[in-house]
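Open your viewer and get ready to select some cysteines. We will go from one stop to the next, with something to look for at each.

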Amino acid sequence: MLDRQRAQWVLFAPVVLGCGIVGWFWLPWNPDRQAALALALALAASGFALDGLPRRLVVATGLLLALGLLSAELRMHATASPRLHHRLTALEMPGTVASVAILSGGDRTRLLLDRDATDIDPVVRLRLSLPGLPPPGLVPGARVTVTAPLGPVPGPTIPDSTDPARRAWFERVAASGRVVAPPFLLERATPGGLDRVRISWADHIASGVGGGHAGAIAVALTVGEQGRMDPQLTDTFRLSGLAHILTVSGFHIAVVVAGIYALTRRLISLWPWLALRVPGLRLAALAAGVAGTFYAIVSGAEVPAVRAAIVAWIALGALALGRNPVSLRLLAFAAFVILLARPEALLGASFQLSFTAVLALVLVSGLPLAQRLADQRHHGLLLRLPRALALMLITSLAIELALMPIAIAHFGRTGVYGALANLLAIPLTGFVIMPLLGAWLVASAAGLGGLVGWALVPAINALAAIATFTAGLPGSSLVVPPLAPATGALLAAGGLMAALLTGYARLAGLPLVAAALIMAVTLPRPDVYVSADGRQVGVVHDGRLHLLRQHRGGYVVNNWAERSASTADRRLHDLPGARCSANGCLFQVSGLRILALSDDSDDAPAPPPAVCAAVDVVIAPASLPSACRPRWQRIDRVSLTSSGAIAITSGLRRSLSVADRAGDRPWSPAALPGMVPSLLGTPRWTGVMVE
């Protein structure tokens with residue numbers, strides 16, 4: 001069996017490397033990670049007791065697992081910087097603008113500021129939010145003074161969900177805050193710089209294209225900035241399965257690279273003297289690669305665009321060498337390189353969605369039916385068009401099915417009619433909108449944008465209409481609770497085995513997929529949520545999220561509703577059997593008696609010891625006295641400081657906190673400030689931000 005799959009084993013190199021990376025992020029405590037590294041090396045050493053192919057496979061597996069663990073560890077130390085672990089009142093801070101991003105349709109701006117060094121702290125990066133559009137002059141490279149209170153970057157609202165604190169660590173962000181006064185410009189940015197070119201392009205496109213939503217969509221397609229779009233329109237694209245079109249990623253890079261490649265080859269062939277003296281195919285590949293890289297950089301060099309540019313260079317290299325660019329080996333090589341350089345990308349939805357989409361595309365292209373539909377050599381125009389549409393429909397359906405579990409795992413929601421929307425939107429975007437947008441950029445530089453704009457604006461509006469129509473269809477969005485990490489891992493293992501193995505060996509992945517689906521349906525889910533400050537408590541009952549405090553939406557409540565696939569429109573006093581007063585609520589969930597207090601003042605009255613002893617859990621945003629001893633768990637300000645947000649599965653009496661997952665890593669609420677554990681030695685001191 002091993003010998004029959006000999007050609008496939010190299011495809012599992014990034015998979016095994018990824019297993020080591022996942023192991024490093026999944027194991028919360030440093031001794032656990034050290035034990036995993038020792039076991040990986042022991043596995044590699046044990047392989048030398050075997051012979052032939054089994055020996056090579058076992059040794060390679062052990063070394064790749066160890067490499068995955070070490071790459072994540074080294075990346076954590078490479079991005080180490082002082083972080084803020086307490087709150088600071090509003091103060092003036094001079095610094096240099098690193099980046100500016102418009103969010104929420106222009107209602108909010110996110111600013112990354114490299115704050116100047118002080119007598120105590122070195123230069124640190126702050127993530128700040130200010131209302132409205134950025135004032136004139138607030139561009140990357142500008143020197144400004146801002147006034148803002150600062151605090152630690154918040155952790156996740158639910159364990160096992162997206163961790164903003166972890167992302168901030170790898171982005172070297174030390175603290176976050178909200179600007180409370182207009183920034184004061186100290187020194188204008190010097191001309192030039194890709195970030196400033198990107199902002200000027202975005203302003204030029206938004207004002208020049210116009211046409212309602214057309215200008216904002218054109219900005220998203222060109223420079224990858226979606227913040228100018230109306231949030232409702234952005235959500236419409238997401239529900240219709242067209243969100244990928246708004247993010248500069250593989251599709252956009254492929255359109256640019258393919259267009260430049262075909263155009264360059266055509267231009268060279270039109271000049272016989274040049275065509276006979278230069279390698280046209282290689283020159284076209286070089287020009288296309290440079291164009292794709294430039295597009296990725298100008299669009300902000302986000303992870304999907306950079307990843308797509310790397311894959312494009314690999315594919316162009318294969319074309320230049322006469323190899324097949326649609327290859328699983330090239331995809332595996334690209335994934336291996338990216339994971340080795342940025343191991344944290346593996347946990348993000350972007351990496352998983354983009355590589356899964358390309359994997360599905362490659363697998364579909366190898367099917368006999370797809371190859372017959374793609375062969376257009378002996379067919380006229382009347383047959384080529386329906387065959388091309390049929391091939392696109394099959395490909396879109398395969399990609400949608402492959403991406404659906406990932407979308408559910410990360411967002412708890414997936415589009416149902418994505419294949420239909422993409423069947424209409426991809427040809428419109430790839431063959432009409434993007435060529436027109438490129439022509440408009442060239443024409444507008446000479447003041448002739450109107451020659452193209454008359455066709456560009458209706459085309460972009462047609463794209464928005466497709467998204468709106470698809471999102472408005474009955475049952476357009478499938479909302480389910482996100483998959484548990486173990487369920488997602490089992491599903492990924494089964495899917496990869498079915499995709500990367502050949503012959504009957506592929507069937508080995510089906511039991512894993514079936515087990516994952518059974519787990520997704522049968523495993524109990526958390527039904528009680530506690531925020532990181534203890535001020536908000538949520539209980540899921542009959543598809544409704546019952547809250548301790550009145551809310552107006554908000555990030556925490558919206559995240560709870562999304563992760564539980566429930567509607568946040570009830571109060572705890574609406575919960576059957578709950579008894580509530582101005583001080584809190586006493587309720588019962590699956591036999592678990594919980595007392596949730598609402599007073600967060602320092603002199604908040606504590607419940608009598610007899611009341612604490614009569615319940616299983618006491619939740620309070622203030623500090624509880626030691627005399628308050630519930631039967632199972634006491635959750636108050638002191639415990640939440642080191643645990644973070646908590647999710648409780650009442651039926652199993654299982655409590656999971658953010659710290660249980662993050663462990664002793666530096667972004668964990670349980671970590672010692674300034675101390676970073678080391679896999680290969682003593683802990684390292686990175687310092688803390690003091691003022």
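This tour visits the disulfides and a sheet of a predicted model.

**Stop 1: all the bonded cysteines.** How many disulfides does a search of the whole structure find? The search turns up two. Counting the bonded cysteines of the chain in sequence order, they pair as 1-2, 3-4.

**Stop 2: Cys580 and Cys585.** Select these two residues and show their side chains. A disulfide links Cys580 with Cys585, at an S to S distance of 1.9 Å. Look along the S-S bond: the angle about it is 115°, and the link of Cys580 and Cys585 is right-handed.

Now turn on the surface. Is Cys585 buried or exposed? Cys585 is buried, at 5% relative accessibility. Its partner Cys580 is partly exposed, because its relative accessible area of 33% falls between the cut-offs of 20% and 50%.

**Stop 3: the strands around that pair.** Switch to cartoon view and colour β14 (579-581) and β15 (residues 584-589). These two strands run antiparallel and are joined by three bridges. Within this pairing, Cys580 stands opposite Cys585 in β15.

**Stop 4: the whole sheet.** Extend the selection to take in the neighbouring strands. Strands of a sheet pair through backbone hydrogen bonds, either parallel or antiparallel. Here five strands make an open sheet, ordered β14-β15-β16-β17-β18, with mixed pairing. Which strands stand at the edges? They are β14 and β18; each has a single partner strand, so one side of each lacks a neighbour in the sheet. Rotate the view to follow the twist, which averages 15° from one strand to the next.

**Stop 5: Cys612 and Cys628.** Select this second pair of residues. Cys612 and Cys628 form a disulfide with their sulfur atoms 2.0 Å apart. What is the handedness of this disulfide? The torsion about the S-S bond of Cys612 and Cys628 is about -95°, so the disulfide is left-handed.

Next, colour by secondary structure to see what the bond connects. Cys612 sits in helix α22 (residues 609-613), while Cys628 is in the loop between β17 (617-619) and β18 (633-635), so the disulfide ties together parts that lie 16 residues apart in sequence. Bring the surface back for a last check on this pair. Cys612 is buried, with a relative accessible area of 0%, and Cys628 is buried too, at 1%.

**Stop 6: Cys19.** Finish by selecting one more cysteine. Cys19 is partly exposed, with a relative accessibility of 43%.

Technical notes:
Residues numbered from 1 in each chain as written. Predicted model: local features only at pLDDT ≥ 70, side-chain atom pairs only at ≥ 80, totals over all residues. Heavy atoms only, no water. Disulfide = S-S within 2.5 Å. Buried < 20%, exposed > 50% of the residue type's maximum accessible area, 1.4 Å probe, protein only. Helix = DSSP H or I, 4+ residues; strand = E, 2+ residues; numbered from the N terminus. Pairing = 2+ DSSP bridges. Axes fitted to C-alpha atoms, helices over the stretch in contact; angles between N-to-C directions.
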